[in-house]
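Me: I'm new to this structure and would love a close look at a single part of it. Could you take me to the annotated binding site and then show me what lies around it?

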Amino acid sequence: MQLAMWTYEGPPHIGAIRVATAMTGVHYVLHAPQGDTYADLLFTMIERRKERPPVTYTTFQARDLGSDTAQKLQSAIRDAYERFRPQAMLVGASCTAELIQDDPGGLAAAVGLPIPVVPLELPAYQKKENWGAAETFYRLVRTLAGPAAQARRASGAVSGEGGRKGRPSCNILGPTALGFRHRDDVQEIRRLLETLGIEVRVVAPLGASPADLARLGEADFNVVLYPEIAATAAGWLKREFAQPFTTVTPIGVGATRDFIEEVAGLAGVDPTEVLAKDSSRLPWYSRSVDSNYLTDKRVFIFGDSTHAIALARVASKELGFKVVGLGTYTREFAREVRAAAGALGLEALISDDHLEVEKRIADLNPELVLGTQMERHIAKRLGVPCAVISAPVHVQDFPARTSPVMGFEGANVLFDTLVHPLMMGLEEHLVAMFRDDFEFADNAQPSHLATASAAEPAPAEPAHDASIVWEGDAEKELRKIPFFVRGKARRNTETYARQAGLAAITVETLYDAKAHFGR
Amino acid sequence: MSAAAPIGGCETARPQVRSERGQRAVFCGLTGIVWLHRKIQDAFFLVVGSRTCAHLIQSAAGVMIFAEPRFATAIMEERDLAGMADMHDELDRVVAQVLERRPDAKTLFLVGSCPSEVIKLDLAKAASRLSAKLTPDVRVLSYSGSGIETTFTEGEDACLSALAREAPREAPGAEPQLVIVGALPDIVEDQFARLFAELGISPVRFLPGRRSTELPALGPNTRYLLAQPFLGGTAATLDALGCSGVVGPFPFGADGTTAWLTAAAKAFGVPATKVREVTALKENRARVAISRHRARLAGKRVMFFPDSQLEPSLARFLSTELGAELIEVGSPYIHGRWLAPELDLLPAGTELVEGADVDRQLDRCRAARPDLTVCGLGIANPLEAEGLATKWSIELLFTPTHGYEQAGDLAELFARPLARREALEV
């Protein structure tokens, strides 16, 4: 058993619902107990969708347990087909139904619907939401593009070149329902691809129908926006249709430029003109002198693997922050995150335990946290500025305004998002110079965020080493250090004292440590 | 058994209840934790379940998770299911972890879920074993909030039932007392305490109290009054302890509150003149507050989807005090004994549906096009997008709605969606 107050991912059937809800013409019959319909409100409330998710739940109750549940599932399949007339159907079990082992796939086959029915095996006690989405998408693609793959094999095609002509074309794979900024990322990347003269054939799962999936093989290559969801399907498409897929996630200016070069290479087009245009404001904003004070701001990054890796690059190479911690809850891509952390001289935190993440943040004393909804909560407790850069997110991160994080406009959004929570430059200087102002007090929230901070408790002071005594003057001197770097100064000084074998810390020790470690 | 006869209309006009079975779009009983953990301040709720259970609670509790919460899930994993033997060891370990983080917890509820019920994990046994180990610091109780057994508010019923079983026994010859059953917002609890004091009924105790350790002693001299219609299981537990229940309409609206107080007053031999004396001014004040919303709701056609079992009582309030017309009143269950007075007050011929088949009810809703549909969050926005005004039903549980002083607020909850539609020009 694992104690969880909060989970970064839902169970795998939520991933399957995300795929079904993203698409059109797909219906999902989910064998699940009464109550599991709570999942509907993720889509109707958090994402504010106007339709009910295309999911029929069997909602069995205790009195149905026994042979009755299998029959209940079959009639649910029949009723859902009659009522919704989908072009394809997903059939699967939630965690409880997995325990009663009704074999949804076999039962569905026995109903004999005249449409493709995709049975889903989603081990709810081992796997989680993103895996469920990836598996569902892969199964759908395999089933629906399978006939075309067979025909292709029969015709003896060997490479990707045969038969494709005209404008270079691609599919965009990965965006789903309830995805972090998927709606706007797709719009931004589609625009970018079209500027390069590349035709976008199918975007999937978001907005695609089963008929669209059937013609995925017609494009020249695939753009994988969210590897957590689309990597498995893209791998299969590569094997079956010799379609290469992109490996760069276009988040941040540098990554977007790399992505442009990668797709230009795959499409055989010239990227020079598009790259020559200075299409994002981030580089100038970040170089302008008002951004000077952003240099080496200590930032902790946590999220799904795609966003964590991408934001580490943006933070360190494009905003000049110092990344002091990097981690993910996506175990499937732990290796990639470890590599990205290694490149920054860090050890990645791979964990889905938010208490462990909280402890790491508290230990590192960052000046900014980039994370999920949960890190927002943690940062609030610790009194650290925070921005949300990854799912899971709540309703406020499905904004009405266009807010991609991908492409050049995405980089503009990221500049604003990452800088906004920090205290603005002049105020930061003045707070450090004059500590006793009756309004702009030490550790007050930035005044441009005043309303949000009115009722906040004072941020918690980081715990310190009890074996080392701080002399009164030293403690007083420590308080003169601006609050957002004070925790770090305390720790450095104590480390220094321990290394030097000092039992007590004086004002002199504080400044010795500062000289030793730098800021 | 019942001390007070049903008030109001005649038996023959009571609307018939029709049962419906099919897909149910409702919460499971685990959701009760979201409000119970705020009410019972020294309790911790540990769900023994799956990742789905954890995800459900955090989705339902929304942004409340950030504070050090007084609830959590022990997520069962593959290895727990592979061999049942070590499940209890695992549970002990997780409970120790919880108590280390929350040493202030006085009562720990082990809350059963669908997975734990299906594999027949004996949480009652685990609770008594842990209780014996942790006494006197922590009491460990168990109840089921599983979806296969409980719908939404029935989680509270199961929880209170477990608490009632723990209550001390009344001393022989104890003076008569009144116990109000149902988690009420603190402000409402205080208002009711004042009203009963004015009526001369004392002592009055509340189940649950704000602290799990302060349970009323229960026995044959205890009369209890349900504040919520979904507490049939707790009532049965109290009956088994020798307590007797007072049956009356539920305290929603001016009339409902007076009828509820009157039923209790009758059971305690308080004269009708005294009841009038205590209630007249407050009832009038409630009527004034309600009347501000009457114009907006009078004659409006309202449909209830099943959710919390509050539906018949709220429908009665909308119909008798606000003049709304009831198209259909759905409820997950209707406890006949406790709901009888409410059903008597509903207009003859009201369509009452117990259980659900959500697609069929949606068909009926679209055909009838009500002026206001009271429904869950999974349905509300889709209906709004079809041009139908909705009132999301969960808010009716998360808002103080009982009693005289909240009667206007309760009316306003129903009037607000209509007012908003009038206000919006885009």
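Reply: Happy to! In the unreviewed UniProt entry, the feature "binding site" is listed at Cys28(B), Cys53(B) and Cys114(B). These three cysteines are spread over 87 residues of sequence, yet they cluster in space, with a largest C-alpha distance of 9.5 Å. Please keep in mind that this is a predicted model.

Let's start with Cys28(B). Look for it in the loop of chain B that connects strand 1 (17-21) with helix 1 (33-39). Is Cys28(B) buried or not? Its relative accessibility is 7%, and buried means under 20%, so Cys28(B) counts as buried. Setting aside residues up to four places away in sequence, you will find that Cys28(B) touches several residues of its own chain, including Leu56(B), Gly145(B), Ser146(B), Gly147(B) and Phe152(B). Chain A takes part too, as Cys28(B) also touches Gln34(A) and Gly35(A).

Now move on to Cys114(B), which belongs to helix 5 (residues 114-118) of chain B. With a relative accessible area of 6%, Cys114(B) is buried. Beyond its neighbours within four places in sequence, Cys114(B) is in contact with Ser146(B), Gly147(B) and Ile148(B), and across in chain A with Pro33(A) and Thr96(A). Notice that Ser146(B) and Gly147(B) touch Cys28(B) and are in contact with Cys114(B) as well.

Those contacts with chain A lead us to the interface between the chains. There, 56 residues of chain A are in contact with 66 residues of chain B. About 5,300 Å² of area is buried between chain A and chain B, and carbon and sulfur atoms give 58% of it. Three salt bridges are counted between the two chains. To see a salt bridge for yourself, find the side chains of Asp64(A) and Arg21(B), which meet at 2.5 Å, N to O.

While you are looking at chain A, take in one of its sheets. Chain A has an open sheet of three strands in the order 7-6-8, with parallel pairing. Strand 7 (199-204) and strand 8 (221-224) stand at its edges, each with a single partner strand, so one side of each has no neighbour in the sheet. From one strand to the next, the twist averages 25°. Strand 6 (residues 169-173) and strand 8 of chain A are joined by four bridges, and Cys170(A) has Phe221(A) in strand 8 as its bridge partner. Finally, helix 9 (residues 227-241) of chain A lies across strand 6 and strand 8, at about 165° to strand 8.

How values were computed: Residues numbered from 1 in each chain as written. Chains lettered and ligands numbered in written order. Predicted model: local features only at pLDDT ≥ 70, side-chain atom pairs only at ≥ 80, totals over all residues. Heavy atoms only, no water. UniProt positions renumbered as here; feature names shortened; annotations may be inferred. Helix = DSSP H or I, 4+ residues; strand = E, 2+ residues; numbered from the N terminus. Buried < 20%, exposed > 50% of the residue type's maximum accessible area, 1.4 Å probe, protein only. Contact = heavy atoms within 4.5 Å. Pairing = 2+ DSSP bridges. Axes fitted to C-alpha atoms, helices over the stretch in contact; angles between N-to-C directions. Buried area = accessible area lost by both parts, 1.4 Å probe. Salt bridge = Lys/Arg side-chain N within 4 Å of Asp/Glu carboxyl O.
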